[in-house]
Each structure stands twice: as structure tokens, then as C-alpha cells.
Amino acid sequence: MFDSLKEKLGSFREDVEETAEEKAAEEEAATDAPEGETAEAAAAEPVGEADAAEPAAESAAESVTETTAADPEAADTSGDEADDDEADDPEAGETSTGFGAKVKAAATGKFVIEEEDLEEPLWDLKMALLESDVEMSVAEEILDRVEEELVGERRKFTESTGSIVEDALREALLDVISVGQFDFDQRIADADKPLVIIFTGVNGVGKTTSIAKMSRYLEERGYSSVLANGDTYRAGANEQIGEHAAALDRKLISHQQGGDPAAVIYDAVEYAEANEVDVVLGDTAGRLHTNEGLMDQLEKIGRVVGPDMTLFVDEAVAGQDAVRRAEQFDEAVTIDGSILTKADADSNGGAAISVAHVTGKPILFLGVGQGYDHLERFDPEVVVERLLGGEE
């Protein structure tokens with residue numbers, strides 16, 4: 001799962017580490033050089049310029065001393081003020097990447113990761129994210145966060161940069177995919193029964209199968225459910241969901257083809273109330289966002305039934321198409337979360353990275369196979385660990 005993106009994130013980590021190792025070697029060599037010289041200067045041993053610089057420095061020092069003696073107030077006190085500021089705030093300048101920071105870094109056996117050190121690795125990471133179908137604004141958010149975490153970071157010459165980069169990636173990825181997360185199981189437990197969940201999305205992305213998987217998921221946690229076929233437009237829809245209902249031994253509420261979807265789901269709610277069923281799982285027609293009539297049907301279901309939750313279903317392998325559709329469905333009917341099917345076949349991970357950030361609504365589940373048990377709770381921390389190679 002997400003193998004291609006995992007590989008690209010690993011490449012970024014290696015690129016930054018390689019760049020940092022080269023810089024560490026250069027600055028360590030500079031630290032070992034004779035006082036006041038760079039490693040290159042020590043090797044070249046330029047004499048003339050250094051000799052010329054000494055009298056100039058001495059002359060400047062004498063000039064400052066004379067001026068101060070003649071008029072103490074005329075001396076520039078900005079340096080003293082800066083010293084006072086540093087004394088008042090010991091942390092001041094800790095993330096600076098200027099000359100002073102370099103001197104301090106050399107004195108303490110550490111070096112600073114600077115913005116220019118990251119330019120090429122960050123550009124490569126941006127291209128890698130876009131190639132993995134990560135939405136542009138999401139990719140830029142990740143890059144900004146990584147850069148913020150890394151620039152000004154200090155490390156010893158003898159330390160590895162890999163863990164620093166991995167921590168920065170972890171924080172950036174968690175930031176974009178954890179949007180809106182809530183405890184799905186707790187919400188089910190706390191809700192008045194029957195709880196009504198509506199599933200929506202375009203044709204062929206696995207909505208009906210996801211409903212069946214959700215019914216099994218709920219059963220394993222002690223909840224009963226009834227299935228409702230609000231997909232009254234598609235020939236064969238009753239038969240498809242009927243097969244799942246029979247396999248799971250669930251009650252199916254359906255009307256004839258061409259019936260009113262809102263009426264079907266309303267009848268399912270009535271059945272659940274009469275028979276003390278905990279959850280109503282309502283299928284809907286596979287809607288294209290451009291079909292206003294079908295969108296109107298979704299809005300009618302909202303008015304007539306008042307679902308407790310509306311879940312958007314799409315394929316993880318659809319990448320940016322899934323991201324765009326999620327955004328459009330959310331604008332039309334206000335989704336509460338998403339389910340991404342075929343996640344086990346998705347090497348890119350673009351939808352998994354982008355959907356929550358773009359919609360502001362969480363990814364709640366991943367479909368990871370064809371079996372009824374193949375519905376996995378979306379845990380941002382687990383997903384990030386997978387992406388960073390820490391968990392399979």
C-alpha cells in the first residue's frame with residue numbers, strides 16, 4: 001500500500017541526509033583549520049592578504065578607542081544593546097542561520113541546516129508528491145511544514161540527519177491527513193438509535209460493497225443494521241445489494257426501479273424503529289457532480305430522513321479525481337467523512353494524503369480487499385508510519 005510514495009519520501013530523506021553530511025564534513029574541516037582560516041584557506045596558505053588585513057584591523061581598533069575616550073556617548077552602543085538582548089533572552093538567535101550562528105555552531109561542534117541546503121531536495125519532493133497525485137495545495141503545505149521544521153535545526157557533526165528529516169516529514173504528513181478526525185466508534189455508541197448513515201459517490205467506486213463491509217464492521221461491535229437501496233435508478237442495483245444482504249443475513253428495504261430514494265430510506269428508518277435495529281445503512285445512486293437532478297435527490301434525502309452521517313466513497317487509486325469529487329460532493333451535500341476503496345492497490349497514496357485536507361472532513365475507513373472483513377479504520381499515525389517505512 002502506497003509503496004511508490006513511501007519510496008519517494010525515503011529518497012527525500014536520503015537526499016537531505018547526503019546534503020547535510022557533505023556540509024558537516026566541510027564545516028568540521030573548517031573547525032579543525034588554524035584559527036581564523038577556512039579549510040581551503042589553510043590549505044592554500046595565502047599570506048599577502050592576511051598580512052595586509054592585520055594593520056587595517058589594528059588601525060580600526062585604535063580609531064574606535066580614541067573616539068570613545070574623547071566622547072564616550074559617541075560610541076555606537078548598538079552592539080551592547082544586542083548583547084543585552086541576548087542576555088535577557090538566552091534563546092535569542094537559536095534558529096538563526098547567519099554568520100553568528102555559523103561561528104557558534106563551529107564552536108560547539110554543531111552545524112545549522114540552512115534554507116539553501118534544502119532547495120534541491122524540497123523541489124524533488126514537490127515533484128514526487130505531485131507525481132503521486134497529491135493535490136497541489138496539499139503538497140505545498142507539506143513542503144512549507146517540512147522546511148519550517150528543518151531550517152535552523154542544529155546537529156552535531158557526528159549525528160545522523162535522517163531522524164531529524166523523518167520527524168519533520170512525520171509532523172508535516174500528520175498535519176495534513178489528521179484534519180477533522182473523530183472517533184467513529186464512539187459516535188456510533190453515543191448516538192440515539194436508529195442511527196442513519198448515507199453513502200454517496202459516483203458509479204463503480206465500491207459504495208454498495210462498502211455498505212456491506214460496514215454492516216459487518218458494526219456487527220463485530222455489537223450493533224444490528226438494516227440495508228436500504230436508495231439506488232433506484234440503476235438496473236440490477238436491487239440484485240447487487242440483495243446478494244450482500246443475503247450473505248450477511250440482513251434485512252433489505254427496497255422499492256421498484258425508478259422509485260423515490262428518499263421514500264426507500266424513510267421506510268428503512270421506520271423498520272429500524274419498529275424492530276429495534278441500531279443502524280440504517282442507505283445506498284444511493286452513483287451520482288456525477290454535474291447531474292443536478294441526482295444531487296437534488298440527495299438533498300431531498302437530507303430533508304426527509306435527516307441522516308446522522310453522510311459518507312463519501314471513492315477509490316484511492318483515482319488519485320486527484322477522487323480529491324476533486326470529494327470536494328464537489330461536500331459542497332453539494334456536506335459530507336461527514338470519506339471511505340477510500342482499493343487502498344491496497346494504491347501505490348501513490350495521493351488521495352489518502354489529500355482528501356481530508358481539501359474537504360476539511362476526515363478519511364474514516366480504507367477498503368483493503370474484497371472480503372467483508374476488509375474495512376480498516378483510517379488511523380493517521382498508522383498511515384504515516386507506513387509511509388515512512390515503519391509499519392507494513
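Two strands are taken to pair if DSSP finds at least two bridges between them. In the predicted model described here, strand S4 (residues 225-230) is joined to strand S6 (residues 279-284) by 6 bridges, and the two strands run parallel. Within this pairing, Val226 stands opposite Val280 of S6. S4 also pairs with strand S5 (residues 252-253), again in the parallel sense, over 2 bridges. Here Ala228 of S4 is placed opposite Ile253 of S5.

The surroundings of S4 were examined next. With 6 of its 6 residues buried, S4 is largely enclosed by the rest of the structure. Burial extends to both faces of the strand: Ser225, Leu227 and Asn229 are buried on one side, and Val226, Ala228 and Gly230 are buried on the other.

For the chain as a whole, 16 helices and 10 strands are found. Of its 392 residues, 42% count as buried. Among contacts between residues at least 6 apart in sequence, 78% join residues at least 24 apart.

The largest nonpolar core contains 75 residues, of which Phe184, Ile197, Met214 and Ile353 touch the most other members. Helix H8 (residues 162-177) supplies the largest share of this core, with 9 residues. Another core, of 15 residues, lies apart from the largest one and includes Ile253, Ala262, Ala272 and Val305. Ile253 of this second core is the S5 residue that stands opposite Ala228.

The contacts of Ile197 were considered without its neighbours within four places in sequence. On this basis Ile197 is in contact with Phe184 and Ile188, with Val279, Val280, Leu281 and Gly282, and with Met309 and Leu311. Val280, one of these contacts, is the S6 residue opposite Val226 of S4. Phe184, also in contact with Ile197, is itself among the core residues that touch the most other members.

Ile353 takes part in a helix packing as well. Helix H7 (residues 136-150) packs against helix H15 (residues 350-359) at an angle of about 95°, and the axes of the two helices are 9 Å apart. Since angles of 65 to 115 degrees count as roughly perpendicular, H7 and H15 are therefore roughly perpendicular to each other. On the H7 side the contact involves Val138, Glu141 and Ile142, which meet Ile353, Ser354, His357 and Val358 in H15. By class, this contact between H7 and H15 has 4 nonpolar, 2 polar and 1 charged residues.

Methods. Residues numbered from 1 in each chain as written. Predicted model: local features only at pLDDT ≥ 70, side-chain atom pairs only at ≥ 80, totals over all residues. Heavy atoms only, no water. Axes fitted to C-alpha atoms, helices over the stretch in contact; angles between N-to-C directions. Helix = DSSP H or I, 4+ residues; strand = E, 2+ residues; numbered from the N terminus. Parallel < 35°, antiparallel > 145°, perpendicular 65-115°, else oblique. Contact = heavy atoms within 4.5 Å. Nonpolar A, V, L, I, M, F, W, Y, C, P; charged D, E, K, R; others polar. Core = buried A, V, L, I, M, F, W, Y, C linked by side-chain atoms within 4.5 Å. Buried < 20%, exposed > 50% of the residue type's maximum accessible area, 1.4 Å probe, protein only.
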